[in-house]
Amino acid sequence: MSDFIYTFQKGFNYSQDGPGNRLVYHLSGCNMFCPWCSNPEGLKRTDNSQKRSINEIFDEILSCRTMFFDNGGVTFTGGEVSLQAEAVLKLFNMLKKENISTCIETNASLKDTDKLIDVVDYMITDFKSPSKEVLKSVTGADIEIIKENLLKRAITKKYLLTRIPLINNFNTGEENARGFTEFFKELHEKSGSNNIYIEILTYHEYGKDKYKKENLEYNFSDGFVTQNQVDILKTELVKNNFKIIKT
């Protein structure tokens with residue numbers, strides 16, 4: 001098991017990366033290639049990545065615990081957290097003994113992450129498209145693995161927030177809205193969990209300027225959505241009694 005974690009950024013954030021005030025670590029490396037990614041600096045593990053020991057990060061987190069107010073704690077995001085699942089799991093088990101709340105933001109597209117999914121207190125994930133073909137061609141991800149991992153999490157009855165990044169020319173419209181709804185209906189029915197939440201995030205270009213700094217091209221356009229496109233999805237979800245929240 002690795003005793004090191006590769007990160008590229010850290011800082012505090014309130015309520016957007018799990019409940020309360022949280023120390024957020026951005027981990028290096030990602031297995032997907034979403035063309036609208038807002039953290040391109042985390043797509044690959046580069047010379048700018050910081051290789052830090054688990055013990056070093058653990059001590060740093062303990063030194064910050066007075067800042068974890070309003071049920072706060074620690075969140076690991078990406079890049080993709082599950083690429084470093086073994087090391088993160090080891091750290092989370094150490095934090096559990098200190099009663100420090102843990103959260104991950106993950107694309108849930110990798111196999112063999114069951115232990116991490118089970119131990120973390122809060123799990124936040126994207127469900128980008130209900131179409132297997134579209135998801136694979138645009139992001140490289142296998143929707144069946146994602147569905148399996150979300151079901152594994154839902155079965156634990158622990159907190160699961162699934163975010164839908166709503167993007168024009170990718171996952172909008174009535175057919176997609178019905179596809180999203182059918183997925184969440186199946187997830188509820190199979191897991192029996194009442195601790196599943198949904199958040200709709202509309203397309204933005206907050207990370208666009210970062211691409212130049214990383215010597216990358218931002219090759220996505222016309223992603224902004226209208227209020228009508230948002231309402232189509234929201235209406236479909238609400239009429240099926242799903243819990244939609246805003247963080």
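In the hairpin of β1 and β2, where 6 residues lie between the strands, S15 takes a positive phi near 70°. This hairpin belongs to a predicted model, in which 8 strands form an open sheet with mixed pairing. The points below follow the sheet, then strand β2, then helix α1, and finally the largest pocket.

**The sheet**

- Read across the sheet, the strands come in the order β3-β1-β2-β4-β5-β6-β7-β8, and the edge strands are β3 (50-53) and β8 (196-202), each of which pairs on one side only.
- From one strand to the next, the twist averages 30°.
- Strand β6, made of residues 122-126, pairs with strand β7, made of residues 159-166, in the parallel sense over 5 bridges, and within this part of the sheet Y122 stands opposite Y159 in β7.

**Strand β2 and its neighbours**

- On one side, β2 pairs with β1 in the antiparallel sense over 7 bridges, and T7 has L27 of β2 as its bridge partner.
- β2 also pairs with β4, this time in the parallel sense over 5 bridges, and here H26 stands opposite T77 in β4.
- Strand β2 is largely enclosed by the rest of the structure, because 7 of its 7 residues are buried.
- The residues of β2 point in two directions, with N21, L23, Y25 and L27 facing one way and R22, V24 and H26 facing the other way, and all of them are buried.

**Helix α1 against the sheet**

- Helix α1, which spans residues 54-63, lies across β1 (4-14), β2 (21-27), β3 and β4 (73-77), and runs at about 80° to β3.
- Which residues of α1 are buried? They are I54, I57, F58, E60 and I61, and because they cover an arc of only 165° around the axis, they are on the same side of α1.
- These buried residues of α1 pack against the strands β1, β2, β3 and β4, and also against α2 (85-97).

**The largest pocket**

- The largest pocket holds about 1,500 Å³ of space, and 47 residues line it, of which S38, D126, R163, L201 and H204 lie nearest its centre.
- Several elements each supply at least two residues of the lining of this pocket, namely β1, β2, β5 (101-106), β6, β7, β8 and α8 (227-238).
- Which strand gives the largest share of the lining of the largest pocket? That share, 5 residues, comes from β1.

Notes:
Residues are numbered from 1 along each chain as its sequence is written. This is a predicted model: local features need pLDDT of at least 70, side-chain atom pairs count only at pLDDT 80 or more; totals for chains, interfaces and linings use all residues. Side-chain values use heavy atoms; hydrogens and water are left out. Two strands pair if DSSP finds at least two bridges between them. Helices (H or I, at least four residues) and strands (E, at least two) are DSSP runs, numbered from the N terminus. Axes are lines fitted to C-alpha atoms, for helices over the stretch in contact, and angles run from 0 to 180 degrees between N-to-C directions. Contact means heavy atoms within 4.5 Å. Buried means under 20% relative accessible area, exposed over 50%, partly exposed in between (1.4 Å probe, protein chains only). The arc is that of the directions from the helix axis to the C-beta atoms. On a 1 Å grid over the protein atoms alone, a cavity is a set of points where a 1.4 Å probe fits but cannot get out, and a pocket is an open set with protein on both sides within 12 Å along at least five of seven lines; lining residues have an atom within 4 Å of a point. Grid points are joined across faces, edges and corners, and a volume is the space filled by probe spheres set on the points.
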